Number of protein chains: 2
Amino acid sequence: MRRFFLVEDSPFFEIINFNLAAGATFPVHIHDLDGQRSILVIEGEGFFLGADGAEMTAGTGDMLISEIREPHGVRAVSDMRIVVTIAPPI
Amino acid sequence: MRRFFLVEDSPFFEIINFNLAAGATFPVHIHDLDGQRSILVIEGEGFFLGADGAEMTAGTGDMLISEIREPHGVRAVSDMRIVVTIAPPI
């Protein structure tokens, strides 16, 4: 189960809340666009995922910031709530 | 005491973490610029402040999104950690 809520979509940024169940993976993917993205964990524990199987621990309060075009994903160990902000919106 | 950490400043957005002590007020202010801002409470309880003395409760996980030029502020009841994202950066 993955739940997705579009919080905001304006000409300036797009903000999305994803809620991932324990064990869920948001697979590594790419958007070939200019811009940046932040991923903030507001609840739960898991991993930020990158290219070539890279994993970084992702706990409450942790934020990953990267170019939109960098490969990225999230794997939830516990139930996780994340807030993703993308500028400019895609 | 107010603690301020610039988390990111790119051509696309600016992300700032403010940590307010219980009782602290981040006074209502204005930036006369085009753009939008999100304020996400990642810890603590207080109020979002607006024009004319307006107050809205602001607890962990609450997010306020507004135009940059709308009057805004925060008042902390407990110690608060907030993440502010501004696009485009100011």
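This passage describes the fold of chain A, the contact between chains A and B, the nonpolar core, and some local features of the backbone. The structure is a predicted model, and the values below are computed from it.

The secondary structure of chain A consists of 9 strands and 0 helices. Read from the N terminus, the order of elements is accordingly β-β-β-β-β-β-β-β-β. Along the principal axes, the C-alpha atoms of chain A occupy a box of roughly 35 × 30 × 20 Å. For a compact globule of 90 residues, a radius of gyration near 12 Å would be expected; the value for chain A is 12 Å, so the two agree. Of the 90 residues in chain A, 31% are buried. The chain also brings together residues that are far apart in sequence: among contacts in chain A with a separation of 6 or more, 67% join residues 24 or more positions apart.

The two chains are related by symmetry. A turn of 180° with a shift of 0.0 Å along the axis lays chain B on chain A, with an RMSD of 0.0 Å. This is the relation of a two-fold axis. The contact between the chains involves 18 residues from chain A and 18 residues from chain B. On the side of chain B that touches chain A, at least two residues come from each of β1 (2-9), β4 (36-43), β7 (63-67) and β9 (80-87) of chain B. The greatest contribution to this side is that of β4(B), which gives 4 residues. By chemical character, the residues on this side of chain B comprise 11 nonpolar, 6 polar and 1 charged. The copies meet through the same surface, because 100% of the interface residues of chain B are also interface residues in chain A.

Attention now turns to the nonpolar core. In soluble globular proteins, nonpolar side chains tend to be buried together. The largest nonpolar core in the model has 39 residues, and those touching the most other members are A:Leu40, A:Val74, A:Ile82, B:Val74 and B:Ile82. Both chains are therefore represented among these five names, with Val74 and Ile82 listed for chain A and for chain B. The surroundings of A:Val74 illustrate the contacts of one such residue. When residues up to four places away in sequence are left out, A:Val74 touches A:Leu20, A:Phe26, A:Ile39, A:Gly46, A:Phe48, A:Leu49, A:Ala58 and A:Ile82. One of these partners, A:Ile82, is itself named among the core residues that touch the most other members.

Two local features of the backbone appear in both chains. One concerns a peptide bond. In chain A, the bond from A:Ala87 to A:Pro88 is cis, with omega near -10°, and A:Pro88 lies in the segment after β9 (80-87) of that chain. In chain B, B:Ala87 and B:Pro88 are likewise joined by a cis peptide bond, with omega about -10°; B:Pro88 is placed in the segment after β9 of chain B.

The other feature is a positive phi angle in a residue other than glycine. Phi is near 55° in A:Asp52 and near 60° in B:Asp52. A:Asp52 belongs to the loop between β5 (45-49) and β6 (55-59) of chain A, while B:Asp52 belongs to the loop between β5 (45-49) and β6 (55-59) of chain B. A:Asp52 counts as exposed because 6 C-beta neighbours lie inside 10 Å. B:Asp52 is also exposed, with 6 other C-beta atoms within 10 Å.

How values were computed. Residues numbered from 1 in each chain as written. Chains lettered and ligands numbered in written order. Predicted model: local features only at pLDDT ≥ 70, side-chain atom pairs only at ≥ 80, totals over all residues. Contact = placed C-beta atoms within 7 Å. Nonpolar A, V, L, I, M, F, W, Y, C, P; charged D, E, K, R; others polar. Core = buried A, V, L, I, M, F, W, Y, C linked by C-beta atoms within 7 Å. Buried ≥ 20, exposed ≤ 12 C-beta atoms within 10 Å, placed from the backbone. Least-squares fit on C-alpha atoms with pLDDT ≥ 70 in both. Rg over C-alpha atoms; globule rule 2.2 N^0.38 Å.
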